[in-house]
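Welcome! Let us take a friendly walk through a protein and the small molecule that it holds. Please have a look at the sequence and the structure before reading on.

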Amino acid sequence: MHTLLFTTNNKNKVAEIQSLVGPDFKIITLQEAGIDIDIPEPHDTLQENAFEKASTIYSLTQQNCFSEDTGLEIEALGGAPGVRSARYAGADRDFQANIDKVLAELKNHPNRIAQFRTVICLLWAEENNPPKTFYFEGICKGEISSSMMGENGFGYDPIFVPEGSNKSFAQMNMEEKNVFSHRQKAVTQLFEFLAKKK
Ligand code: IMP
C-alpha cells in the first residue's frame, strides 16, 4: 500500500477525494501528518500555486504528496475570480461574501457561462531518487445561477449549475456532484496514473 499525503485540511475536499480512492492508497491529510502551516497561494496560476503547496510539504516531510488548487472561471468576468476564488471578496475566505460579489457583478448579465478548473500537482519519488512533478487537470463547465440554490457542499456550490443538470452543486449529494466534478476528473487521472505504480 502507498501512503500519499494530501496537502490540505479542507474536510470537504478530503471527503470528496476519499470517496474515490481505492484500498491500495492511504491518503493522509496535513493534520494527520502533524503539520500545521498555512501555505501561501501567491501565484497567478493554479498550477504554480499547486506546485508551491506540494513542494513546500515535500521539503518538510520528504514524503510523496499531492496538492490541488481550484478556481471558478467566469467568462463574463474575464476568467475571474479564477486563481483568486478563495479570497475574491477579501482576505477572510468568506464563502457567502464571495458568492454575493459574483452575483452582484453578474446581475442581469446575459452571459453566465463559467467553469471550475482543478489542477493537481503530484510530487512522486521512487526509491531513493529525487521526486518528479506531475500535473493533472479537471474541468467542469456550467453556468452561474441568478440566486443561491441548495444547502450542500461548500464554496461556490450554491450558484454553480453544471452542464447537463438543472440542479446546482449544492442541491446534489456527493455522489451526484462526483458525476460532474472538476475535482473528480482531476483525481481520476491522478489515480489512473498511480494505479500503474502499484
Ligand atoms: P482552493 O482550491 O481551496 O484555493 O479553493 C479556491 C476557492 O474555490 C475557494 O473559495 C473554494 O471554496 C472554492 N472551491 C473549490 N472547489 C470548489 C467546489 O468544488 N465547489 C465550490 N467551490 C469550490
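The ligand in this predicted model occupies the largest pocket. That pocket has a volume of about 710 Å³. It is lined by 30 residues, and those closest to its centre are Asn10, Lys13, Glu41, Ala86 and Arg93. How do we find such a place at all? Rolling a probe the size of a water molecule over the atoms shows where empty space is left.

**The walls of the pocket**

Which elements give two or more residues to the lining of the largest pocket? They are strand β3 (65-74) and the helices α3 (95-105) and α5 (182-195). The largest share comes from β3, with 5 residues. Sorted by chemical character, the lining of the largest pocket has 10 nonpolar, 10 polar and 10 charged residues.

**The shell around the ligand**

Now let us turn to the ligand itself. There are 16 residues around the ligand, and Lys13, Thr70, Asp157, Lys177 and Arg183 come nearest. Both β3 and α5 supply at least two residues each to this shell, and β3 gives the most, with 3 residues. The shell divides into 5 nonpolar, 4 polar and 7 charged residues.

Some side chains place an N or O atom by an oxygen atom of the ligand. Here are three such pairs:

| Residue (side chain) | Ligand atom | Distance |
|---|---|---|
| Asp69 | oxygen | 3.2 Å |
| Lys177 | oxygen | 2.8 Å |
| His182 | oxygen | 2.9 Å |

How much of the ligand does the protein bury? Taken alone, the ligand exposes 480 Å², and the protein buries 96% of that.

**Two details of the backbone**

Finally, follow the chain itself for a moment. Most residues other than glycine have a negative phi, and most peptide bonds are trans. With that in mind, what form does the peptide bond from Ala80 to Pro81 take, cis or trans? This bond is cis, with omega near -5°. Pro81 belongs to strand β4, which covers residues 81-82.

The second detail concerns Arg93, which is not a glycine and yet has a positive phi, near 50°. Arg93 is located in the loop between β4 and α3. You have met this residue already: Arg93 is among the residues closest to the centre of the largest pocket.

To look back, pick out β3 in the structure: this strand gives the largest share of the pocket lining and also the most residues to the shell around the ligand.

Conventions. Residues are numbered from 1 along each chain as its sequence is written. This is a predicted model: local features need pLDDT of at least 70, side-chain atom pairs count only at pLDDT 80 or more; totals for chains, interfaces and linings use all residues. Side-chain values use heavy atoms; hydrogens and water are left out. On a 1 Å grid over the protein atoms alone, a cavity is a set of points where a 1.4 Å probe fits but cannot get out, and a pocket is an open set with protein on both sides within 12 Å along at least five of seven lines; lining residues have an atom within 4 Å of a point. Grid points are joined across faces, edges and corners, and a volume is the space filled by probe spheres set on the points. Helices (H or I, at least four residues) and strands (E, at least two) are DSSP runs, numbered from the N terminus. Ala, Val, Leu, Ile, Met, Phe, Trp, Tyr, Cys and Pro count as nonpolar, Asp, Glu, Lys and Arg as charged, and the others, Gly among them, as polar. A residue is near a molecule or strand if one of its heavy atoms lies within 4 Å of it. A polar contact is a pair of N or O atoms within 3.5 Å; within protein, one must be able to donate a hydrogen and the other to accept it, and residues adjacent in sequence count only if both atoms are side-chain atoms. Accessible areas come from the Shrake-Rupley method with a 1.4 Å probe; for residues, only the protein chains shown count as cover. A molecule sits in a cavity or pocket if more than half of its atoms lie within 2 Å of its grid points.
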